[in-house]
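Here are a few exercises to work through with the model open beside you. Try each task before you read its solution.

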Amino acid sequence: MKEQFQHIQESLGEALKKVEDRDSLEVVRTTFLGRKGALAELMKEMSNLPPEEKKETGKVANQTKREMEKAFEEKETIFDVQERKERVEQEWIDVTQPVIQKKAQGSLHPVTQVQNDLEDLFTSMGFIIADGPELESDYFNFTTLNIPPTHPARDMHDTFYLEGRGDIVMRTHTSPVQIRTMREYGAPLRMIAPGRCFRNEATDVRHEHTFHQLEGMVIDKGITFGHMKGVLEIVAKRLYGPETKMRLRPKFYPFVEPGVNGEVTCFLCKGKGCRLCKKTGWLEIFGAGMVHPNVLKEGGINPEVYTGFAFGFGLTRLVMLKYGIDDVRLLESGDLRFLKQFSVC
Ligand SMILES: [Zn+2]
C-alpha cells in the first residue's frame, strides 16, 4: 500500500506541472485531495488492513497527505503572486502627475430646461416641434391670426418695428408659427412651437421686452373641447404633479372661438391660498381655445371638414413659478451668479 501512496503523490506532482490556470488547479485539487479524491479513497481502504499494518501505513498516509497539500499550496502561491503583480500593473498611478483642473462648464438656462422637459412630453404624444422666424411679417403676426389692422387687440401687442419697414415686426407671440406649420403640413396636425417673443414694454419685475412662449395646436376631423382639456390636464400634471387640478374660464383671444383661460391649483399651497397665488389657490398658466375658422382658412385648411384646438403657455412664467423667481428681468440678464443656481451638473 505504501507504493500506492507514493504513486498518488507522484501523479499529483505530474499533474501540477501541467496546470496553467486557476480552473485547472481546482480540478487537480478535487481529483487528488478532494473528499472523494484519490487520496481519500485510498485512505478508506486502510480500514481493511490487519491492525499491525494499520499503524505503520497510517503514518505513511499522513506523511503523504501533508506533502501533497504542501505541493499544492506551493503551486497556488505562484498563482497568487502572479495575480497580485498583474493587479499592481493595472492599478498603477503616477502620484507625481499634476492635478487635472476641472474646466469651467456652462449649463442649460432654466427656460431651456423647462422647454426641453415639455418638448419631451409633447413629442411622446406625437406632436412635432416647429420653428418660425423671430422677425415676422405684420401679416403673419396679426392679420392671419384674425387680428386685422384696425383690430383693438393690436394695442396689447405693441412691439418693435424695423425703421422704414412697417410691414415687419419682432413677433409678439409664437402663434404665427401655427399658420406657417398649417400651410406646410396641412391637416391632420399636432404641433408645438416654443420660442422667443417680444413686446415694447416698460420693464419692471413683471414685464420684460423679451420672453418665451410655448404654443401648440391639434387639428383633425372631430377634434373637440374635450380633447383640448385632456391634453392640457396631462401637461398641468407633468408640470406640477398628479394631484394638480385644472379649471378653464372664458376669455377672449382673437384667434380662437371659444377661448379660455387655463388655471391650475397652486402647487405651493395646494389650492388653500398663499402669496404666490394671491390667496386665490389658482395660478393662471395658459390660454387656449378652439381654433377660429378664419385662422384655419388662413392655414389652408377647410373649417367645414376639420376642427382643432390651440394653446399657449407663457414659458417664462412657468419658469418663474417653478423656481420662485420674483424678477423676470433676471432671466435675460446674463448674470452668471443667477444662472449658476440652475446648473444641473
Ligand atoms: Zn398658493
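**Exercise 1. A loop with two unusual residues**

Lys278 sits in the loop between S8 and strand S9 (282–291). Keep in mind that you're looking at a predicted model. Work out whether Lys278 is buried or exposed, and find the sign of its phi.

Solution. Start with the neighbour count: Lys278 has 11 C-beta neighbours inside 10 Å. The cut-off for exposed is 12 or fewer, so Lys278 counts as exposed. Next, the backbone: phi of Lys278 is near 55 degrees, a positive value in a residue other than glycine. Now step along to Lys279, which is found in the loop between S8 and S9. Its phi is positive too, at about 65 degrees, and Lys279 isn't a glycine either. Lys279 has 11 C-beta neighbours inside 10 Å, so it counts as exposed.

**Exercise 2. Two cis peptide bonds**

Find where Pro188 and Pro258 lie, and say what kind of peptide bond leads into each.

Solution. Take Pro188: look for it in the loop between helix H7 (176–185) and S5. The bond from Ala187 to Pro188 is cis, and its omega is near 0 degrees. Then go to Pro258, which is placed in strand S8 (residues 256–265). Glu257 and Pro258 are joined by a cis peptide bond as well, with omega about -5 degrees.

**Exercise 3. The partners of S6**

Which strands pair with S6, and in what sense? How many residues of S6 are buried?

Solution. On to the pairing: strand S5 (residues 189–198) pairs with S6 in the antiparallel sense, over 10 bridges. To check this by eye, pick Arg196 and look for its bridge partner in S6, His212. Strand S10 (residues 307–314) is also an antiparallel partner of S6, this time over 8 bridges. Here you can use Ile219, which stands opposite Gly308 in S10. Last, the burial: S6 (residues 210–220) is mostly covered, with 9 of its 11 residues buried.

**Exercise 4. A sheet of 3 strands**

In what order do the strands of the open sheet with 3 strands run, and which ones stand at the edges?

Solution. The order is S2-S4-S3, and the pairing is antiparallel. Strand S2 (135–137) and strand S3 (161–162) each have a single partner strand, so they stand at the edges, with one side of each left without a neighbour in the sheet. For a closer look, follow S2 and strand S4 (residues 165–170), which pair over 3 bridges. Leu135 stands opposite Met170 in S4.

**Exercise 5. Two helices side by side**

At what angle do the axes of helix H1 (residues 2–18) and helix H3 (residues 38–45) cross, and which residues make the contact?

Solution. The axes come within 10 Å and cross at roughly 175 degrees. Angles over 145 count as roughly antiparallel, so that's how H1 and H3 are arranged. The contact is made by Gln4, Phe5 and Ile8 on H1, and by Ala38, Leu39 and Leu42 on H3.

**Exercise 6. The whole chain**

What radius of gyration does the protein chain have, set against a compact globule of 345 residues?

Solution. The globule would come out near 20 Å, but the chain has 40 Å. Now look at the domains: the assignment gives domain 1 (2–90) and domain 2 (110–342). Their C-alpha centres lie 82 Å apart. The C-alpha atoms fill a box of roughly 125 × 55 × 45 Å along the principal axes.

Methods. Residues are numbered from 1 along each chain as its sequence is written. This is a predicted model: local features need pLDDT of at least 70, side-chain atom pairs count only at pLDDT 80 or more; totals for chains, interfaces and linings use all residues. A residue is buried if 20 or more other C-beta atoms lie within 10 Å of its own, exposed if 12 or fewer, and partly exposed in between; C-beta atoms are placed from the backbone. Helices (H or I, at least four residues) and strands (E, at least two) are DSSP runs, numbered from the N terminus. Two strands pair if DSSP finds at least two bridges between them. Domain bounds come from an automatic or database domain assignment. The radius of gyration is taken over C-alpha atoms; the globule rule is 2.2 Å times the number of residues to the power 0.38. Axes are lines fitted to C-alpha atoms, for helices over the stretch in contact, and angles run from 0 to 180 degrees between N-to-C directions. Angles under 35 degrees count as roughly parallel, over 145 as roughly antiparallel, 65 to 115 as roughly perpendicular and the rest as oblique. Two residues are in contact if their C-beta atoms, placed from the backbone, lie within 7 Å.
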